[in-house]
Amino acid sequence: MIDPAVLLTYSLIVLGFVFIPGPATLLTVARATTSGTKVGIATGAGITAGDFLHTIMAVVGISAIIAASATLFTIVKYLGAAYLVYLGLKAIFEKTSVDLGQGRVPITAPQAFRQAILAEVLNPKTALFFLAFLPQFVAPENGFVVAQLTVLGIVFALIGFFSTIVYSVAAGGLGNFLRRNPTVLKWQGKVVGSIYCALGVRLALQER
């Protein structure tokens, strides 16, 4: 299986990587700030589930097919971008209740979980990242290459989930403070929607 020293090195690299703010971090922070820590963690869990699926795709070769086919890559990319823009526009134009006493949130944890899974799965850059990054830490001479890839993917997803929990707790606390202000509550959907739209445009403009 995987050499312990290699696994430790890999884990440290991933730990540094996942704490660098990226699309997953922005999605998590946006949800936690507007809807609370629980929803932020649910978003992180959805991203983690999407990473598990990307691990499976990398292991069985689907990611390689996406990498080899420019047309398939483009289709998946634009589907993911369109979905993010749809979520953004929905958040921008959705009416937000300013009745703070009701304790309402723009989105529930199950909804955030499902949306995060789909957003992560429809990101072909993540698929290519798993395909290019994981094999660098695989030692074929140790045998069970599929098992090594699976372990590496799971470790990546779990460390990523840990980072989203940290960001969710921090952003959720900030969000609780901000949501006491009716003006902030009124504009939060537009801010979050703009972030989602920007991420969608960013994904659409990315090349392989």
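**Note on a predicted model: cores, rings and one cavity**

1. Start with the largest nonpolar core. It has 15 residues. Those with the most contacts inside this core are Tyr10, Val14, Phe133, Leu134, Leu152 and Phe156. Three elements give two or more residues to the core: α1, α7 (124-133) and α8. Helix α8 provides the largest share, 5 residues. Please keep in mind that this is a predicted model.

2. Leu152 deserves a look of its own. Set aside its neighbours within four places in sequence. Leu152 is then in contact with Ile2, Leu7, Tyr10, Leu134, Phe137 and Val138. Of these partners, Tyr10 and Leu134 are also listed among the core residues with the most contacts.

3. There is a second core, separate from the one above, with 12 residues. Among them are Ala81, Leu84, Tyr196 and Leu203. As background, nonpolar side chains in soluble globular proteins tend to be buried together.

4. Now the aromatic rings. How many aromatic pairs does a search of the whole structure find? The count is 8. One of them joins Phe19 and Phe162. Their ring centres are 6.0 Å apart and the planes stand at 75 degrees, so this pair is edge-to-face. An angle over 60 degrees is what earns that label. The pair links distant parts of the chain. Phe19 sits in the loop between α1 (4-18) and α2 (23-35), while Phe162 belongs to helix α8 (residues 145-178). The two are 143 residues apart.

5. Are Phe19 and Phe162 buried, exposed or in between? Phe19 has a relative accessible area of 27%, so it is partly exposed. Phe162 is at 45% relative accessibility and also counts as partly exposed.

6. Phe19 has another ring partner, Tyr167. The centres of these two rings are again 6.0 Å apart, but the planes are at 40 degrees, so the pair is tilted. This pair, too, links distant parts of the chain. Tyr167 lies in helix α8, and 148 residues separate it from Phe19 in the loop between α1 and α2.

7. Elsewhere, ring pairs link Tyr10, Phe133 and Phe137 into a cluster. Tyr10 and Phe133 already appeared in the first point, as core residues with the most contacts. Phe137 appeared as a contact of Leu152.

8. Next, empty space. A search of the whole structure finds 1 cavity of 30 Å³ or more. The volume of the largest cavity is about 50 Å³. Its lining consists of Leu27, Arg31, Thr43, Leu87, Ala112, Gln115, Ala116, Ala119 and Tyr196. Tyr196 is also a member of the second core.

9. Which elements each supply at least two residues of this lining? They are α2 and α6 (109-121). The largest share, 4 residues, comes from α6. By class, the lining of the largest cavity has 6 nonpolar, 2 polar and 1 charged residues.

10. Last, Ala49. This residue is placed in helix α3 (residues 37-60). Is Ala49 buried or exposed? Its relative accessibility is 19%, so Ala49 counts as buried; the cut-off is under 20%. Ala49 and Ala157 are 108 residues apart in sequence, yet their C-alpha atoms are 7.8 Å apart in space. Leaving aside neighbours within four places in sequence, Ala49 is in contact with Phe113 and Ile117.

Definitions and conventions: Residues numbered from 1 in each chain as written. Predicted model: local features only at pLDDT ≥ 70, side-chain atom pairs only at ≥ 80, totals over all residues. Heavy atoms only, no water. Phe/Tyr/Trp six-rings, centres within 6.5 Å; stacked < 30°, edge-to-face > 60°. Buried < 20%, exposed > 50% of the residue type's maximum accessible area, 1.4 Å probe, protein only. 1 Å grid on protein atoms, 1.4 Å probe; cavity = no way out; pocket = protein on both sides within 12 Å on 5 of 7 lines; lining within 4 Å. Points joined across faces, edges and corners; volume = space filled by probe spheres on them. Nonpolar A, V, L, I, M, F, W, Y, C, P; charged D, E, K, R; others polar. Core = buried A, V, L, I, M, F, W, Y, C linked by side-chain atoms within 4.5 Å. Contact = heavy atoms within 4.5 Å.
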